[in-house]
Amino acid sequence: MAIRQLSETLINQIAAGEVIERPASAAKELIENALDAGATRIEIATSGGGKALLRVSDNGSGMDAADLELAVRRHCTSKISETLEDIRTLGFRGEALPSIGSVARLSIASRRRDSAGGHEIAVAGGKIAHLRPAAANPGTIVEVRDLFFATPARLKFLKTEKAEAGAITEIVKRMAIAFPAVRFVLSGSDRTTLEFPATGDDHLGRMAQVLGKEFRDNAIALDAVREEIALTGFAGVPTFNRGNSAHQYAFVNGRPVQDKLILSAIRGAYAETIPSGRYPVAVLSITLDPALVDVNVHPAKSDVRFRDPGLVRGLIVGAIREALARDGSRAATTGASDMLRSFRPGSPPNSQRPQTAWSAETSSSRPYQPATGFGERPQASFDGLSMPTARAEPQFSPQPAAAEPNARYPLGAARAQIHANYIVAQTEDGLVIVDQHAAHERLVFEAMRKALHSKRLASQVLLIPEIVDIPEEDCDRLMQHAAELSELGLAIERFGPGAIAVRETPAMLGEVDAHGLIRQLADEIAEWDTASGLSAKLEYVAATMACHGSVRSGRRLRPEEMNALLREMEVTPGSGQCNHGRPTYIELKLSDIERLFGRS
C-alpha cells in the first residue's frame with residue numbers, strides 16, 4: 001500500500017483525540033489561553049455537560065484579524081519560538097483551537113484593547129469560514145457547540161451530562177486555586193452558578209473558596225527550598241482528611257498537574273498518620289527553572305517529568321513531615337463541628353433511669369489498677385464519671401497554682417474521666433476530650449519509632465537458617481543491599497545461585513515468615529531499587545505493638561496519669577491522631593459550648 005499525505009482535517013482530528021478527550025479537556029485549553037492572554041476575569045458557560053455548548057469569555061489582550069486567522073491553524077502560537085527548554089506559559093503547542101475546530105463547531109470573536117472593532121472566525125468540522133468584522137468587547141469569546149459531532153464515535157465514550165459538567169467544575173477549581181488574582185464565574189443551564197471572586201495575593205483565601213472555609217482553620221503552611229527548587233502551599237492536618245484524592249492539588253510553575261510522583265510523595269508524607277482509604281487535603285506549588293522540568297510529556301500537559309525526581313519527592317515529603325511535626329498535632333476543627341451537630345438539646349435520654357448529660361453505663365466494671373510508678377489515691381466517681389479530687393489536682397487557671405508548673409498548657413488540666421475511656425480537660429478557653437487509648441497508642445509508637453531510627457535494630461539468631469529459593473536475579477539484588485538490611489536486623493547470605501540463607505531476623509518482628517519477607521523485599525527492590533520496604537514493615541509492626549502496649553479502653557486513670565498523658569501529648573509530634581489516623585482529641589471552645597445553651 002502506497003504512503004500518502006493525510007488531509008489537514010484528518011490530522012487535526014487525530015490530534016484532537018489526544019488533546020480533547022472530553023468537554024473538560026476543551027475547557028482546560030480555552031481557560032489556559034485566557035490566562036496566557038492576561039485575563040483578570042474569565043466566565044465559563046456550559047450546556048449539556050459541555051457537549052452542547054462551552055463558552056469561555058475573557059478580558060485579556062485579545063487578537064487582531066491576522067492573529068485570528070493563524071489561531072485556528074495547527075502549530076501556530078505566540079508562546080514559544082525555537083526551544084522547549086524555557087516554557088513559561090500554560091499553552092505552547094498550538095494545537096488546541098484547530099483540534100477543537102476539527103471535531104466541533106467553533107467560533108472565536110476577539111478584539112484588542114487598542115482596536116476600534118473586533119473580528120470573528122468560525123471553524124466547523126475542520127472547515128474554516130472567512131474572517132468577518134464583529135462587534136466585540138476587548139478580550140476574546142470562544143464558543144464551542146456540538147462537540148464531537150464530526151467524530152460521533154467519541155460521543156459513545158463520554159459520561160453522563162452531570163459527570164461531564166462535574167469534570168469541568170474540577171478544571172475551573174484547579175485553575176482558580178492557581179490564579180487567585182483572577183475572577184472565575186462558571187454558569188449554564190446544566191448547573192448552578194459558581195463564582196470565585198478574585199482574592200489578589202491571598203492564596204489561602206482562594207483555597208478556602210474552593211475547598212471550603214474549614215480548610216483555612218485546618219491548614220499548615222509549607223515553605224521549603226532545596227537546591228533552587230521551591231515548595232509553597234498548605235497541607236491539611238491529618239485528621240482533616242477525605243474519602244478520595246480529589247482534594248489534592250499540585251502546581252508546577254503555576255501549571256495545574258496531576259503528576260503521579262507528586263501524589264505519591266503526598267501519600268508517603270502522611271504515612272502512619274491517616275487511616276487506610278482516607279486521603280489528606282493538600283495544595284502544593286512547586287517553582288523551579290523551566291529547564292529542569294519537561295511539560296511536553298503528554299498533549300494534555302497534565303503530566304510533567306522532572307530532571308531530578310528524587311529531589312522533588314524528597315522536598316515534598318520532608319516539607320510536609322516537618323510541617324506536621326511542627327503543627328500537625330492539633331485535631332481538625334471539624335471534630336468539634338461534628339460533635340456540636342450530634343447534640344440534640346432537649347431530647348430525653350434513652351435510658352429509663354436519670355442520667356447526667358455525660359453519663360451512661362460504665363464501659364468496664366473492672367476495679368481500678370494503679371499504673372506502675374504512681375501511688376494509690378482515692379477518686380470520687382459517679383457511674384461512668386471519674387472526678388479528680390481538688391486535693392489531687394489544683395484548679396487550672398491562667399495563673400497556675402504552685403503545684404502546677406508555671407506554664408499554660410494547650411490541652412489544659414484533667415477534670416474527669418468518663419466511661420473509663422475519655423479524659424475531659426479544661427483549657428483556658430474551653431475544654432478538650434481525649435481518647436486515652438488512641439492518644440497513648442500514638443505516644444508509644446513515636447517512642448518506638450525514635451528508637452528504631454537511632455541505632456541498629458536488635459536481631460535474633462535463627463537456630464536453623466531459613467533457606468529461601470528465589471530467582472537468581474532477585475538474589476543478586478538482595479545481596480547488593482545486604483549491608484542495609486543488616487542495619488535493620490536482617491542478616492542474609494548467598495546460598496547457591498538461586499537461594500538466600502536468612503540467619504538473623506529483627507527481634508522486633510518476633511516470629512517471622514522469612515520466605516514471605518524475602519520475596520516481598522526482592523519484589524520491591526526490583527521495582528524501586530530500595531530496601532525501604534523492611535523499614536516500613538518494622539514501623540507497621542511498631543504501630544501494632546504500640547496498640548497492644550497502650551493504655552486500654554475501660555481502664556480507670558488517676559489524675560496524675562491523665563495529666564501526665566496530656567503533657568506528653570503536647571510535646572509529641574503527630575499526637576493529634578493515632579497510628580490509624582483517627583483523632584486523639586476534640587477541642588470545644590467556650591463559644592461552642594455557649595452556642596449549645598443558646599447563650600451566644
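# Briefing on selected strands, helices and contacts

Lysine 589 is found in strand β27, which covers residues 585-589. The structure is a predicted model, and the points below take up this lysine, a buried strand with its two partners, a five-stranded open sheet, the helix α9 and an aromatic pair.

**Lysine 589 and its distant partner**

- Lysine 589 is partly exposed, because its relative accessible area of 33% falls between the limit for buried residues, under 20%, and that for exposed ones, over 50%.
- Once its neighbours within four places in sequence are left aside, lysine 589 is in contact with Asp429 and Gly430.
- Although 160 residues separate lysine 589 from aspartate 429 in sequence, their C-alpha atoms are 5.8 Å apart in space, and their side chains are joined by a polar contact of 3.3 Å.

**Strand β3 between its partners**

- Of the seven residues of strand β3 (residues 105-111), six are buried, so the strand is largely enclosed by the rest of the structure.
- Strand β3 runs antiparallel to strand β4 (residues 118-124), to which six bridges join it, and the two strands form a hairpin with six residues between them.
- Strand β3 also runs antiparallel to strand β7 (residues 139-145), in this case with seven bridges.
- Isoleucine 108 takes part in both pairings, standing opposite isoleucine 121 in β4 and having valine 142 as its bridge partner in β7.

**The five-stranded sheet**

- Five strands make up an open sheet in the order β10-β11-β16-β13-β14, and their pairing is mixed.
- The edges of this sheet are β10 (219-226) and β14, each of which has a single partner strand, so one side of each is left without a neighbour in the sheet.
- From one strand to the next, the twist averages 20°.
- At one of these edges, β10 pairs with strand β11 (residues 229-236) in the antiparallel sense over eight bridges, and within this pairing arginine 226 has isoleucine 229 as its bridge partner in β11.
- Helix α6 (residues 161-178) lies across β13, β14 and β16, and runs at about 55° to β13.

**Helix α9 and its two faces**

- The buried residues of helix α9 (residues 260-269) are Ile262, Ala265, Ile266, Gly268 and Ala269. They cover an arc of only 165° around the axis, which puts them on the same side of α9.
- The face of α9 turned away from this buried side carries Lys260 and Arg267, both of them exposed.
- The elements against which the buried residues of α9 pack are the strands β13 (248-252), β14 (255-257), β15 (279-280), β16 (282-287) and β18 (305-306), together with the helix α10 (309-327).
- At the start of α9, a side-chain oxygen of aspartate 259 comes to within 3.1 Å of the backbone nitrogen of leucine 261.

**The aromatic pair**

- One aromatic pair is found when the whole structure is searched. Phenylalanine 215 and phenylalanine 240 form this pair, which is tilted, with 6.4 Å from centre to centre and 45° between the planes.
- The pair links distant parts of the chain, since phenylalanine 215 belongs to helix α8 (residues 213-217), whereas phenylalanine 240, 25 residues apart from it, lies in the loop between β11 and β12 (241-242).
- Both phenylalanine 215 and phenylalanine 240 are buried.

Notes. Residues numbered from 1 in each chain as written. Predicted model: local features only at pLDDT ≥ 70, side-chain atom pairs only at ≥ 80, totals over all residues. Heavy atoms only, no water. Buried < 20%, exposed > 50% of the residue type's maximum accessible area, 1.4 Å probe, protein only. Helix = DSSP H or I, 4+ residues; strand = E, 2+ residues; numbered from the N terminus. Pairing = 2+ DSSP bridges. Arc of directions from axis to C-beta. Contact = heavy atoms within 4.5 Å. Polar contact = N/O pair within 3.5 Å; in protein donor to acceptor, adjacent residues only side chain to side chain. Axes fitted to C-alpha atoms, helices over the stretch in contact; angles between N-to-C directions. Phe/Tyr/Trp six-rings, centres within 6.5 Å; stacked < 30°, edge-to-face > 60°.
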